[in-house]
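Student: I've got a protein model to look at and I'm not sure where to begin. Could we go through it together with some questions?

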Amino acid sequence: MPDPSAGDYDVLTFDCYGTLIDWGAGIVGHLQPLLLERDAHVIDDFLLEFFAETEPEVQQDGVAYADVLREVLRRLGDRLAFSPTDAMLDAFADSAGDWAPFPDTVDALARLGERVDLAVVSNVDNAIFERTAAKLGAEFKHVITAEDVGAYKPDPRMFDAARRAVNGTRVLHVAQSLYHDIAPASSFGLDTVWIQRGNNAVRRVSASPTWTFDSLAAFADAFVGTESGDG
């Protein structure tokens, strides 16, 4: 199949945390020092897998994403036999806005944004995304958050809200998580790009992306460098 082309789409919709933002590093970077202070020794993969299993369970309760993070840490404490203080819970919730972009994100978004409109479909609160957006350096024409929709991906209401926001334009959805994004977006009939970030902080499911790339930079190279009809 030919590479995806800027000439074939009007809007790129992105997952943010895990695709644009290195949330695995953010989670591990915040939690490991906290755990070591309590003499709780676990490998990074344990933390990411615990997060992948626990986060969707908490999201089913319909709470704000900051509270999702608090509850994940509370349950991690139960698992590892310590009780996080309120200050620890608040600090973890607040840390999401400080998580850094992947090294290729800012440049890739800049190049992609010169060709098509950009949008975000994200499982976070607006306040968290506002802090994140300042790190991305891109102009997003549409921002669809779990706070605004009242649901979390993979709930189809998130993608229905995105479809209504872009209003019939030609859309390509770009994401790292098969579970949260590629499977549900595909079920809506969207073309999809799977960015294989190698992050273990997501559940594993079977899905069939339209295209697969090893990095956002590689996708941007293909998308920007190939106009429809140029071969």
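**Strands, spaces and rings**

Tutor: Sure, and keep in mind that this is a predicted model. Strand E1 (residues 11–14) and E4 run parallel to each other, paired over four bridges. Let's build out from there.

Student: Okay, which residue in E4 does Phe14 stand opposite?

Tutor: We've just seen that E1 and E4 are parallel partners. Follow that pairing to Phe14, and the residue opposite in E4 is Val174.

Student: What is the bridge partner of Val174 in E5?

Tutor: E4 also pairs with strand E5 (residues 191–195), again in the parallel sense and over four bridges. Look across from Val174 into E5, and the bridge partner there is Val193.

Student: And what is the handedness of the crossover from E4 to E5?

Tutor: Trace the chain out of E4: the path goes through helix H9 (residues 178–187) before it reaches E5. That gives a β-α-β crossover, and its hand is right-handed.

Student: Is strand E4 mostly covered or mostly open, and how many of its residues are buried?

Tutor: E4 covers residues 171–175. Val171, His173 and Ala175 point one way, Leu172 and Val174 point the other way, and all are buried. Buried here means under 20% relative accessible area. So E4 is mostly covered, and the count of buried residues is five of five.

Student: Let's do empty spaces. Which residues lie nearest the centre of the largest pocket?

Tutor: That pocket has a volume of about 250 Å³, and 17 residues line it. Two elements each give two or more residues to this lining: helix H2 (44–59) and helix H7 (146–149). Nearest the centre of the largest pocket are Gln59, Gln60, Gly62, Ala151 and Tyr152.

Student: How do the residues of that lining of the largest pocket divide into nonpolar, polar and charged?

Tutor: Sort the lining residues of the largest pocket by type. You get nine nonpolar, four polar and four charged.

Student: What about cavities: how many of 30 Å³ or more does a search of the whole structure find, and which residues are closest to the centre of the largest cavity?

Tutor: The search turns up one cavity of that size, and the largest cavity has a volume of about 150 Å³. Its lining has 17 residues, with H2 and H9 each supplying at least two. Closest to the centre are Asp15, Tyr17, Trp23, Glu55 and Asn123.

Student: How does the lining of the largest cavity divide by residue type?

Tutor: Use those three classes again for the largest cavity. The split is seven nonpolar, six polar and four charged.

Student: Now rings. How are the rings of Tyr17 and Trp99 arranged?

Tutor: The structure holds 10 aromatic pairs, and Tyr17 with Trp99 is one, at 6.4 Å centre to centre and 75° between the planes. Tyr17 sits in the loop between E1 and helix H1 (23–37), and Trp99 in the loop between helix H4 (86–95) and helix H5 (105–113), 82 residues apart. Both are buried. Planes over 60 degrees apart count as edge-to-face, and the arrangement of Tyr17 and Trp99 is edge-to-face.

Student: Why is the pair Trp23 and Phe51 edge-to-face or stacked, whichever it is?

Tutor: Trp23 is in helix H1 and Phe51 in helix H2, 28 residues apart, and both are buried. Their ring centres are 5.4 Å apart with the planes at 80°, so the pair is edge-to-face.

Student: Which residues form the aromatic cluster?

Tutor: Here several rings come together in one group. The members are Tyr9, Trp211, Phe213, Phe219 and Phe223.

Student: Which two residues does a cis peptide bond join?

Tutor: Most peptide bonds are trans, which makes a cis one worth a look. Here omega is about 15°, and one partner is in the loop between H7 and helix H8 (156–166). The two residues are Lys153 and Pro154.

Student: Last one: is Asp39 buried or exposed, and what is its relative accessible area?

Tutor: Asp39 lies in the loop between H1 and H2, and has a positive phi of about 60° although it isn't a glycine. Exposed means over 50% relative accessible area. Asp39 is exposed, and its value is 58%.

Notes: Residues numbered from 1 in each chain as written. Predicted model: local features only at pLDDT ≥ 70, side-chain atom pairs only at ≥ 80, totals over all residues. Heavy atoms only, no water. 1 Å grid on protein atoms, 1.4 Å probe; cavity = no way out; pocket = protein on both sides within 12 Å on 5 of 7 lines; lining within 4 Å. Points joined across faces, edges and corners; volume = space filled by probe spheres on them. Nonpolar A, V, L, I, M, F, W, Y, C, P; charged D, E, K, R; others polar. Buried < 20%, exposed > 50% of the residue type's maximum accessible area, 1.4 Å probe, protein only. Pairing = 2+ DSSP bridges. Right-handed = clockwise from strand over helix to strand, strands pointing away. Phe/Tyr/Trp six-rings, centres within 6.5 Å; stacked < 30°, edge-to-face > 60°.
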